[in-house]
Amino acid sequence: MIGGRVLAFLIAVATVVLIFAGTFWHAQSVLAVAGADSGADRVRSASSPQAAVENLAGEIARRDWDTAYSNLANKNEFTEADFIRDLAGSYPSLRSHASLESFDVRPQHASADEAQVRLNLRWSTVVGEFLDTRNLRVTRTGDRWGTVWPLVKEPRVPPQVIAVNYLRWDVIYRGAEDDWGAQDVESPHVRIVDMHPVERAGGVVLLGELLNEDVVPAFVTVKATLLAKDGSPIVTEDSFDKISHILLPRQVTPFLIEFHNMALSEVDSIHMQPASTLIAASADPVIEIEDQNLNSGPQPTLTGKLLNQSGQVVNVAHVLGTFYDNTGQLIWVSDGYVERALLPETPVAFAVSVPPDIAGKAKTQRAVTTTYSSNRFQ
């Protein structure tokens, strides 16, 4: 009985120590990132595995690549340029323009001379955050600890010729001196083919799909106005980035419009305003979506791979996931960005978060992508 009580007491003490340590290490990570811009010297001696990893994360936050690389335990395995490319990307992308928002260090297990540590890096971009998790091995040399960095190498695309055969639309507008009368090239015809509102998380969400039913490409937007019982407008919102703005002929895009702090009981009707503008566009680059899978669990995700079938680098890829129930009705739209550039003929994994209750109802799903390539604007 006494042995059991002692064991229970030791477990309770260990639990309290671990909770305190986790809180302290997280506070240190916030302080390190907060001090990155101000230049504050918050580096501690690397006399423990946690301190070594925290120092490394702080140096990454300050983009002090020289110091970070010099303190790695396995720097002889790769160059500093390889280390920078791993974290910042080889080509312009969301990752290359991201800043480290915060990090946390989670020790797994340790011995006298080696420790396993999980480092979560939370990067901030113009379109939101992404998480980069690294499982690190930390080794001891003398009285100092050094991090063994698990380098992720971006593949190198070999020199080659990629034949392309794709549709392209150019637009010639009426100039100031042209005598074409008042009529110019008209806007493409687009149509909302599905729309329904749902009440969710203290607000109203409009889900739908938009079709470009014309034979020319269109830049599309969707606005919606909620109307009160007396016909007066309550609020107007648009889909912003929860839509694929560029539609080729006969293409369909999902859209999602959010109205915060609203209830359906306050709404009598909804006025939809799809709009389109004729633009020059091409069907290149072609992005194939492979291995789509809806993964269940506490934090469901739609995962897959994007394969860039063109010969150009895609700097930013945006994935829209559309989910349907067993009757084929649209029940949710999720989106996510790929932080690394898409190289030609090189698969890149993606993951889009899905609300748990939606994942339980979804029977089918469809993913579409929109892309941005910097060379189109050079």
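The charged end of Arg 200 sits over the ring of Trp 332, at 4.8 Å from the ring centre; this arrangement requires NZ of Lys or CZ of Arg within 6 Å of the ring centre and within 35 degrees of the ring normal. The structure is a predicted model, in which local features need pLDDT of at least 70 and side-chain atom pairs count only at pLDDT 80 or more, whereas totals for chains, interfaces and linings use all residues. Residues are numbered from 1 along each chain as its sequence is written, and side-chain values use heavy atoms, with hydrogens and water left out.

The protein contains 5 helices and 19 strands, taken as DSSP runs numbered from the N terminus (helices: H or I, at least four residues; strands: E, at least two). Of its 378 residues, 40% are buried (under 20% relative accessible area, 1.4 Å probe, protein chains only). Among contacts (heavy atoms within 4.5 Å) between residues at least 6 apart in sequence, 64% join residues at least 24 apart.

Across the whole structure, 5 aromatic pairs were found. The rings of Phe 83 and Trp 149 are edge-to-face, because their centres are 5.5 Å apart and their planes stand at 85°. Rings of Phe, Tyr and Trp (its six-membered ring) pair if their centres lie within 6.5 Å, with planes under 30 degrees apart counted as stacked, over 60 as edge-to-face and the rest as tilted. Since Phe 83 belongs to helix α4 (residues 80–88) and Trp 149 to the loop between β4 (144–148) and β5 (168–169), the pair ties together parts that are 66 residues apart in sequence. Phe 83 and Trp 149 are both buried, and they form one aromatic cluster with Trp 65, Tyr 69 and Phe 78. Trp 123 and Phe 130, by contrast, make a stacked pair, with 6.4 Å from centre to centre and 15° between the planes; both of these residues are buried.

The largest nonpolar core comprises 28 residues, and those with the most contacts inside it include Phe 83, Trp 123 and Trp 149, as well as Leu 119. Such a core is a set of buried Ala, Val, Leu, Ile, Met, Phe, Trp, Tyr and Cys residues joined through side-chain atoms within 4.5 Å. Two or more residues each are contributed by α2 (49–61), α3 (65–70), α4, β1 (99–110), β2 (114–125) and β3 (128–141), and α2 supplies the largest share, 6 residues. Leaving aside residues up to four places away in sequence, Leu 119 touches residues including Val 53, Ala 57, Phe 103 and Leu 136.

Note on methods. Buried means under 20% relative accessible area, exposed over 50%, partly exposed in between (1.4 Å probe, protein chains only).
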